[in-house]
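User: I should like to learn how to read helix packing, burial and backbone geometry from a set of coordinates. Could you take me through one example?

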Amino acid sequence: MIKNSVLMIALFLGISVASYAQFPTIGKVKSKHPRLSREVLSDIIGSLPNPLEISVFAQQQKIDYQKTKLPAKANGYLHQAWLSGVYFVRLHQACVYKKTEMAKAYLKAMQRLATTLSAAQYFPESKLKVLLKKNKKQGEFLSRINQSYEGLSYHWQIMGYADASIMMATGDFIESLYLLASSVSNVRKQTFWNRLRDQKIMLEQYLLLLSFYEESPEVKKVILALNELQLLFDQVKIDFEYQEPSLNYVNDMILAQDNTKTRIYIEEGTKRKLVNKIKEIRKRLMPQD
C-alpha cells in the first residue's frame with residue numbers, strides 16, 4: 001500500500017466525476033460468491049508483490065535484458081488492465097537495466113492505456129519523463145511509478161471495478177514469471193527454482209481473487225489457464241527442516257533469526273513443463289491489438 005496517506009488523499013481528490021463517467025460500464029452479473037468488502041479486497045491485493053521485486057532479482061541473477069514486443073492497445077477494460085500490468089513489469093525492468101529509451105516507450109504506452117481507462121491523472125507523463133532523464137533520480141522515478149501502480153489499483157477498487165485491479169495484478173504476475181522463465185541460463189540455477197517456489201503460494205492468492213469474478217468470460221479464461229499452471233506447481237515438493245532460531249542482541253533489543261531450512265524437489269521433466277507452460281500461458285493470455 002502507498003505509505004504516504006497525504007499523497008493518497010490528493011490522488012483521490014483528483015478523480016473527477018467526468019473520469020468516472022468515461023470508465024467502461026460493467027454489466028451487473030450476480031455472483032455466487034459473497035461480495036468482498038473493499039477493505040478486505042484492498043488488503044489482499046496490497047499483499048501481492050510489487051513488479052520491481054522481479055526486475056531487481058533478474059538483475060541480481062545477471063539475467064540479460066530482454067527486449068520484447070508488446071501490443072500497443074487492447075480491447076475491453078479487463079484486457080487493458082491486464083496489459084497495464086504487463087507494461088509495469090517491462091517499465092521496471094527497463095529502468096533497473098538503465099534502458100532509458102525503452103522505458104520512455106513503455107511509459108508512453110502506459111499513459112495511453114491510463115487515458116483510455118480514464119485514469120491519466122496517475123501518469124503525469126511530462127513529470128515522469130523529467131525524472132527518467134536524470135540517472136540520479138532513478139530511485140525517485142521508480143518510487144513514483146510504484147505510487148502510480150498502487151494508486152491506479154485502488155482507484156479502480158473504490159470506483160467498483162476491483163476486477164480491473166485484480167487483472168492488472170495478474171498480468172503483472174504472469175509477465176514476471178515469463179521474464180524469469182525466458183532466460184535459459186536462469187532456469188538452470190537453483191535460485192530460480194527457489195524463487196519459483198514462492199510463486200506457488202502467490203498463485204493460490206491470484207486464483208482466489210479471480211474466483212470472485214469467474215462469471216466474466218475474460219476472467220474465466222485466465223482462471224482456466226492458471227489452473228493448468230497450478231497442476232504443475234502441485235508437483236513441486238517443499239520440505240522444511242526446522243532448526244531453533246538464533247537470538248541476537250542489538251541496541252538492547254532481542255532479534256530472532258529464523259534458521260529453518262527449506263528444500264525444494266522438482267523432477268527434471270516437471271521443470272521443463274513448468275517453464276514451457278509459463279511461456280504458453282503468457283502467449284495465450286496476452287491481449288491482442
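Analyst: The discussion that follows treats a predicted model and moves from the overall make-up to particular helices and residues.

User: How many helices and strands are there, and what share of the residues is buried?

Analyst: The protein has twelve helices and four strands. Of its 289 residues, 47% are buried. As for the contacts with a separation of 6 or more, 74% are between residues 24 or more positions apart.

User: Which residues touch the most other members of the largest nonpolar core?

Analyst: That core holds 84 residues, and L91, F123 and F141 have the most contacts with other members. Take L91 as the example: beyond four places in sequence, L91 touches A103, Y106, L107, M110, F141 and I145.

User: How should I describe the way two helices pack?

Analyst: Two packed helices are described by the angle between their axes and the distance between the axes. For α5 and α6, the axes come within 9 Å and cross at roughly 155 degrees. An angle over 145 degrees counts as roughly antiparallel, and α5 and α6 are therefore roughly antiparallel to each other. Their crossing is left-handed. On the α5 side, the contact includes L83, Y87, F88 and L91; on the α6 side, it includes A103, Y106, L107 and M110.

User: What angle do the axes of α10 make with those of α11 and of α12?

Analyst: The axes of α10 and α11 cross at roughly 150 degrees and come within 10 Å, so this pair is roughly antiparallel. The crossing of α10 and α11 is left-handed. Among the residues that meet there are L196, L203 and L207 in α10 and V222, L226 and F233 in α11.

The axes of α10 and α12 come within 13 Å and cross at roughly 65 degrees. Angles of 65 to 115 degrees count as roughly perpendicular, and α10 and α12 are therefore described in that way. Here F192, W193 and L196 of α10 make the contact with K271, L274, V275 and I278 of α12. The crossing of α10 and α12 is left-handed. L196 thus appears in the contact with α11 and in the contact with α12.

User: How do I check the length of a helix, and which residues of α11 are buried?

Analyst: For the length, one compares the span expected from the rise per residue with the distance between the end C-alpha atoms. Helix α11 covers residues 217-233; its 17 residues should span 24 Å at 1.5 Å a residue, and the end C-alpha atoms are 24 Å apart, which agrees.

For burial, the general idea concerns the helical repeat. An α-helix has 3.6 residues a turn, so residues three or four places apart point the same way. In α11, the buried residues are V219, V222, I223, A225, L226, L229, L232 and F233. These buried residues pack against α5, α9, α10 and α12.

User: How many residues of α9 are buried?

Analyst: In α9, 20 of the 20 residues are buried, so the helix is largely enclosed by the rest of the structure. Its first and last C-alpha atoms lie 29 Å apart, close to the 28 Å expected at 1.5 Å a residue.

User: Is Q93 buried or exposed, and what does Q93 contact?

Analyst: Q93 is found in helix α5. Its relative accessible area is 0%, so Q93 is buried. Beyond four places in sequence, Q93 is in contact with S55, Y65, Q66 and L179. One of these partners, Y65, is found in the loop between α4 and α5. The contacts of Y65 include Q93, A94, K99 and Y106. Y65 and K99 are 34 residues apart along the chain, with 8.8 Å between their C-alpha atoms.

User: Which residues have a positive phi although they are not glycine?

Analyst: Most residues other than glycine have a negative phi, and most peptide bonds are trans. Two cases may be noted here. K98, in the loop between α5 and α6, has a positive phi of about 60 degrees. S118, in the loop between α6 and α7, has a positive phi of about 55 degrees.

User: Are K98 and S118 buried or exposed?

Analyst: K98 is exposed, with a relative accessible area of 57%, whereas S118 counts as buried at 6% relative accessibility.

How values were computed: Residues are numbered from 1 along each chain as its sequence is written. This is a predicted model: local features need pLDDT of at least 70, side-chain atom pairs count only at pLDDT 80 or more; totals for chains, interfaces and linings use all residues. Side-chain values use heavy atoms; hydrogens and water are left out. A nonpolar core is a set of buried Ala, Val, Leu, Ile, Met, Phe, Trp, Tyr and Cys residues joined through side-chain atoms within 4.5 Å. Buried means under 20% relative accessible area, exposed over 50%, partly exposed in between (1.4 Å probe, protein chains only). Contact means heavy atoms within 4.5 Å. Helices (H or I, at least four residues) and strands (E, at least two) are DSSP runs, numbered from the N terminus. The expected span of a helix is 1.5 Å times one less than its number of residues. Axes are lines fitted to C-alpha atoms, for helices over the stretch in contact, and angles run from 0 to 180 degrees between N-to-C directions. Angles under 35 degrees count as roughly parallel, over 145 as roughly antiparallel, 65 to 115 as roughly perpendicular and the rest as oblique. A crossing is left-handed if the near helix is turned anticlockwise from the far one by less than a right angle, and right-handed if clockwise.
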